[in-house]
Amino acid sequence: MKAAEKLKAAIRDIPDFPKKGIIFKDITPLLQDARLFSETIEALAACCRDKPIDAIACVEARGFVFGAVLAHTLNVGLVLIRKKGKLPYATHQVSYDLEYGTDTLEVHQDAVKAGASVLVVDDVLATGGTIAAVYRLMEKLEAKVAGALFLIELSFLHGREKIKKYPVEAVITY
Ligand code: AMP
């Protein structure tokens, strides 16, 4: 079995979570298996081979899991993006629309140096709204966005369209 197929087989579908109509991609079985977790990171790292990257940026909470290990593997810095009110130092903020209402993401103003090349990493690309907001945060930092990398892309939601300003890659596509 190809690496991506093996990882795909370990991802569990949870229907109607967190609300009716959503099929939640549960990645916890991947994390629980040491070999599969390590193969997941290898697959993500393989997508970064030709990219000069100074830092990985990721969004809480599941983005932190993959972002942190990938940053360590690639020996680059880590930028944490959090929901409003969680980061202690001066921040840049970006608000974006959700299905109902809005959400705000923040990043520390000194998270990366201007001109640094930053790769955005997350577990799932769904509608692309979150990562579009992260792009705007990176632009406020005057970072160079190297692209976005996901473990899973839900291609039927066409999130890629919203974030095609920079290169987009995913290990597993549904
Ligand atoms: P979006 O902004 O719509 O691309 O959604 C991005 C975030 O929502 C990702 O960081 C995922 O963690 C989470 N998410 C959205 N849809 C799903 C899904 N079907 N299964 C698991 N996580 C999801």
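This report walks through the ligand site, the pocket around it and a few unusual backbone spots in a predicted model.

## Where the ligand sits

Let's start with the site itself. The ligand sits in the largest pocket, and that pocket has a volume of about 1200 Å³. Of the 34 residues that line the largest pocket, Arg62, Val124, Ala126, Thr127 and Thr130 are the closest to its centre.

Which elements build the lining? At least two residues each come from β2, α4 (62-74), β5 (91-97), β7 and α5. The top contributor to the lining is β7, with four residues. Sorted by class, the lining of the largest pocket has 18 nonpolar, 11 charged and five polar residues.

## The shell around the ligand

Now for the ligand's own neighbours. There are 13 residues around the ligand, and the ones that come nearest are Lys25, Asp122, Thr127, Gly128 and Thr130. Thr127 and Thr130 thus turn up in this group as well as among the residues closest to the centre of the largest pocket.

Three elements each put at least two residues into this shell: β2 (23-26), β7 (117-125) and α5 (129-140). Those three are also on the list of elements that each give at least two residues to the pocket lining. As for chemistry, the shell around the ligand splits into five nonpolar, four polar and four charged residues.

## Polar contacts and burial

What does the ligand touch through its N and O atoms? On the side-chain front, an oxygen atom of the ligand lies 2.5 Å from a polar side-chain atom of Thr130. With Arg62, an N or O atom of the side chain is 3.2 Å from an oxygen atom of the ligand. Ile23 joins in through its backbone instead: one of its polar backbone atoms is 2.9 Å from a nitrogen atom of the ligand. Taken alone, the ligand exposes 480 Å², and the protein buries 80% of that.

Arg62 is worth a second look, since besides this contact it is one of the residues closest to the centre of the largest pocket.

## Backbone oddities

The loop between β1 (12-15) and β2 is the place of Pro18, and the peptide bond leading from Phe17 into Pro18 is cis, with omega near -5°. Asp16 is found in that loop between β1 and β2 too. Its phi is near 60°, which is a positive value in a residue other than glycine.

There's another cis bond, from Glu60 to Ala61, also with omega near -5°. Here the residue after the bond isn't a proline but Ala61, and its place is in the loop between β3 (55-59) and α4.

Definitions and conventions
Residues numbered from 1 in each chain as written. Predicted model: local features only at pLDDT ≥ 70, side-chain atom pairs only at ≥ 80, totals over all residues. Heavy atoms only, no water. Near = heavy atom within 4 Å. Polar contact = N/O pair within 3.5 Å; in protein donor to acceptor, adjacent residues only side chain to side chain. Areas by Shrake-Rupley, 256 points an atom, 1.4 Å probe, with all protein chains shown as cover. 1 Å grid on protein atoms, 1.4 Å probe; cavity = no way out; pocket = protein on both sides within 12 Å on 5 of 7 lines; lining within 4 Å. Sits in = over half its atoms within 2 Å of the grid points. Nonpolar A, V, L, I, M, F, W, Y, C, P; charged D, E, K, R; others polar. Points joined across faces, edges and corners; volume = space filled by probe spheres on them.
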